[in-house]
Amino acid sequence: MLSAKDLTPGERLLIVRRREGSTKADCAAGCGTTLYRYNRWEADDEVGPTAKTGRLQFHEQSFLLRRRAGASVADFAKLVGVSAWWLRQMETGEAPDDRLRAYWAEAGAA
């Protein structure tokens with residue numbers, strides 16, 4: 001799986017924003033920049049501020065692996081065998097992640 005050192009600068013910003021429960025607009029305002037520029041930072045299209053994530057939780061690693069694979073929530077939910085709503089709950093740490101762990105173990109990523 002992934003560790004914090006494997007993350008791009010944009011992924012670091014994304015993880016910190018998700019942990020805080022903030023919107024991109026809130027983060028852009030907090031950084032004193034535009035939403036357009038903040039989007040570019042998270043997409044790694046432009047270098048932004050450095051964010052420290054610390055240790056990644058399993059659900060965060062799973063979210064990033066799905067995102068890197070370019071899989072939508074709906075498509076990945078089908079692969080895991082859950083609803084899109086339930087996948088979102090697992091990827092935010094609000095629901096048990098047993099199905100995600102089983103999926104990634106079978107895929108050889110766990």
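This is a guided tour of one chain, stop by stop, with a suggestion of what to select at each.

**The whole chain**

Start with everything shown as a cartoon, and keep in mind that the model is predicted. How many helices and strands does the chain have? The secondary structure comes to seven helices and zero strands, so a reading along the sequence gives α-α-α-α-α-α-α.

Now switch to the C-alpha trace. Along its principal axes it spans about 40 × 25 × 20 Å. The radius of gyration is 14 Å, which agrees with the value near 13 Å that a compact globule of 110 residues would have.

Bring up the surface next. Its accessible area comes to about 6,400 Å², and 50% of that belongs to carbon and sulfur atoms. Of the 110 residues, 36% count as buried. If you like contact maps, this one may interest you: among contacts between residues at least 6 apart in sequence, 59% join residues at least 24 apart.

Colour by charge before moving on. There are 17 positive and 15 negative side chains, and the centres of the two sets lie 2 Å apart.

**The largest core**

Hide the surface and select L64, L87, M90 and L100. These are the residues with the most contacts inside the largest nonpolar core, which has 19 residues. Which helices supply at least two residues each to this core? They are α1 (9-20), α4 (58-69), α5 (73-80), α6 (84-91) and α7 (98-107). As background, nonpolar side chains tend to be buried together in soluble globular proteins.

Centre the view on L100 and show its surroundings. Not counting residues up to four places away in sequence, L100 touches F58, S62, F76, V80, L87, M90 and E91.

Apart from the largest core lies another one, of six residues. To find this second core, select L13, Y38, W41 and A51, which are among its members.

**Helix α6**

Return to α6 and colour by burial. The buried residues here are L87, Q89, M90 and E91. What covers them? The cover includes α1, α4, α5 and α7. Just after the helix, pick G93: α6 is followed by this glycine, whose phi is positive, near 80°.

Still in α6, select A84. A84 is partly exposed, with a relative accessible area of 24%. Leaving out residues up to four places away in sequence, A84 touches V73, A74 and A77. Draw a distance from A84 to V73: the two are 11 residues apart in sequence and 5.8 Å apart in space, C-alpha to C-alpha.

**A buried glutamate in α4**

Go to helix α4 and select E60. Is E60 buried or exposed? E60 is buried because its relative accessible area is 6%, and the cut-off for buried is under 20%. Show the side chains around E60: leaving aside neighbours within four places in sequence, this glutamate is in contact with I15, R19 and R55.

Follow the chain past α4 to A71, in the loop between α4 and α5. A71 is partly exposed, at a relative accessible area of 21%. Beyond residues up to four places away in sequence, A71 touches R66 and F76.

**The loop between α3 and α4**

Move back along the sequence to D44, in the loop between α3 (35-42) and α4. What is the sign of phi at D44? D44 has a positive phi of about 60° although it is not a glycine. The residue is partly exposed, with a relative accessible area of 35%.

In the loop between α3 and α4, select T50 as well. T50 is exposed, with a relative accessible area of 77%. Add P9 to the selection: P9 and T50 are 41 residues apart along the chain, and their C-alpha atoms are separated by 6.6 Å.

**Last stop: before α1**

Finish at K5, in the segment before α1. K5 is exposed, with a relative accessible area of 70%. Draw one more distance, from K5 to G54: they are 49 residues apart in sequence and 9.2 Å apart in space, C-alpha to C-alpha.

Technical notes: Residues are numbered from 1 along each chain as its sequence is written. Side-chain values use heavy atoms; hydrogens and water are left out. Helices (H or I, at least four residues) and strands (E, at least two) are DSSP runs, numbered from the N terminus. The radius of gyration is taken over C-alpha atoms; the globule rule is 2.2 Å times the number of residues to the power 0.38. Buried means under 20% relative accessible area, exposed over 50%, partly exposed in between (1.4 Å probe, protein chains only). Contact means heavy atoms within 4.5 Å. Accessible areas come from the Shrake-Rupley method with a 1.4 Å probe; for residues, only the protein chains shown count as cover. Lys and Arg count as positive and Asp and Glu as negative; His and the chain ends are not counted. The place of a charge is taken as NZ of Lys, CZ of Arg, CG of Asp or CD of Glu. A nonpolar core is a set of buried Ala, Val, Leu, Ile, Met, Phe, Trp, Tyr and Cys residues joined through side-chain atoms within 4.5 Å.
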